Amino acid sequence: MRAAIVEAVGKVSVTTVPDPTPGPRDVVVSVAACGLCGTDLHILQGEFAPTLPIIPGHEFAGEIVGIGADVTELAIGDKVAVDPSLYCHECRYCRTGRGNLCDRWNAIGVSKPGGAAEFAVAPVANCVKLPDHIDVKDAALIEPLSCAVRGYDVLRSTLGAEVLIYGSGTMGLMMLELAKRTGAASVDMLDINPERLATAGKLGCSRSGSSADEFDRPTGWDVVIDATGNAGAIQDGLGRVAKGGTFLQFGVADYATTAVIEPYRIYNQEITITGSMAVLHSYERAAALFASGVLDPAVFISDRLPLEQYPQAIDKFKAGQGRKIVVQP
């Protein structure tokens, strides 16, 4: 089969590799589409993936073309989206229901061969069967949506919150869509990319701009979400949280990124600073939301490129062009 390979730090190519073989409780998925994500850039930088080379791609969906000997829940021909998370189920965090913090955390497309290929193997337990009306080429959006759902689980948002989101890329826009549906009174969006801000406006944000200084809100926002991972945005966002408010670190920053906090202000104003890591008990809910039409794939997916152009897709994503970029074998 053909697959993208991150061979070494900064080096990615598309080549022929052996077809995957399923274990007893695995399925083989013919990949219809695989999305690119900030995590893929981190892997290319030598972060996250424990070893290289690796076939990347943790956002993917497709059709089952092979099943292991002990698989009874799904059948060849079923359309599925794949939760890439792989937990040990034995460590303290798994045993307390916090699998996303697993001491031996793994993921398809990060530490195991992923979906940037013609075929991918996944445990049957990680596959969610999709209804007939879903175009499986759009269903790569379910994995990032499940991360956004997890983010809102962490926030435990109250009705009528005033929300500020840094970054109107795919994840920021997904947080916008969920904020609208969880009772936010307003959702303001920030980005330095005018095209992305225009999309946020199209999706119904309250206000948009390149700086929070453009908005008349001296008291700050109840909920501030960073969906960029950018040090400058994070630092600015920490200072925009209202009394009693919450700052959510949702964007994936580089390992070396730092920010300064003000302990007295956090104490005195009862500010919460929290994070949201990947997927936790949110994948099935995200699939159900996606099936209900919570996202418009025509808006969210800006580019569909053939698998052979994976290196070009990475370059396009790295340059901040478009929204969700997917490759299609």
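**Overall build and aromatic pairs**

Among the contacts in the chain with a separation of 6 or more, 69% are made by residues 24 or more positions apart. That figure, like everything else here, comes from a predicted model.

As for secondary structure, the chain holds 10 helices and 17 strands. Its radius of gyration is 20 Å, close to the 20 Å that the globule rule gives for 329 residues, so the chain is as compact as a globular protein of that length. Taken along the principal axes, the box filled by the C-alpha atoms is roughly 60 × 40 × 40 Å. Burial comes next: 54% of the 329 residues count as buried. The accessible surface of the chain adds up to about 14,400 Å², and carbon and sulfur atoms own 51% of that area. Then there are the charges, with 28 positive and 38 negative ones in the chain. The mean positions of these two sets are 3 Å apart.

Now for the aromatic rings. The count of aromatic pairs comes to three. One of the pairs joins F48 and Y255: their ring centres are 5.7 Å apart and their planes sit at 45 degrees, so this pair is tilted. The two partners come from distant parts of the chain, 207 residues apart. F48 is in the loop between α1 (38–44) and β4 (59–67), while Y255 is in the loop between β14 (241–249) and α7 (263–268). Solvent reaches both rings' residues to some degree: F48, at 28% relative accessibility, counts as partly exposed, and Y255, at 58%, counts as exposed.

Another pair is made by F215 and W221, whose ring centres are 6.2 Å apart. Their planes meet at 70 degrees, and anything over 60 counts as edge-to-face, so that is the label for this pair. Both partners fall under the 20% cut-off for buried residues: F215 has a relative accessibility of 9%, and W221 has one of 1%.

Finally, a look at a single serine. S85 belongs to strand β6, which covers residues 85–86. With 7% relative accessibility, S85 counts as buried. Setting aside the neighbours within four places in sequence, the residues in contact with S85 are N106, N126 and V279.

Conventions
Residues numbered from 1 in each chain as written. Predicted model: local features only at pLDDT ≥ 70, side-chain atom pairs only at ≥ 80, totals over all residues. Heavy atoms only, no water. Phe/Tyr/Trp six-rings, centres within 6.5 Å; stacked < 30°, edge-to-face > 60°. Helix = DSSP H or I, 4+ residues; strand = E, 2+ residues; numbered from the N terminus. Buried < 20%, exposed > 50% of the residue type's maximum accessible area, 1.4 Å probe, protein only. Rg over C-alpha atoms; globule rule 2.2 N^0.38 Å. Contact = heavy atoms within 4.5 Å. Areas by Shrake-Rupley, 256 points an atom, 1.4 Å probe, with all protein chains shown as cover. Lys, Arg positive; Asp, Glu negative; His and termini not counted. Charge placed at Lys NZ, Arg CZ, Asp CG, Glu CD.
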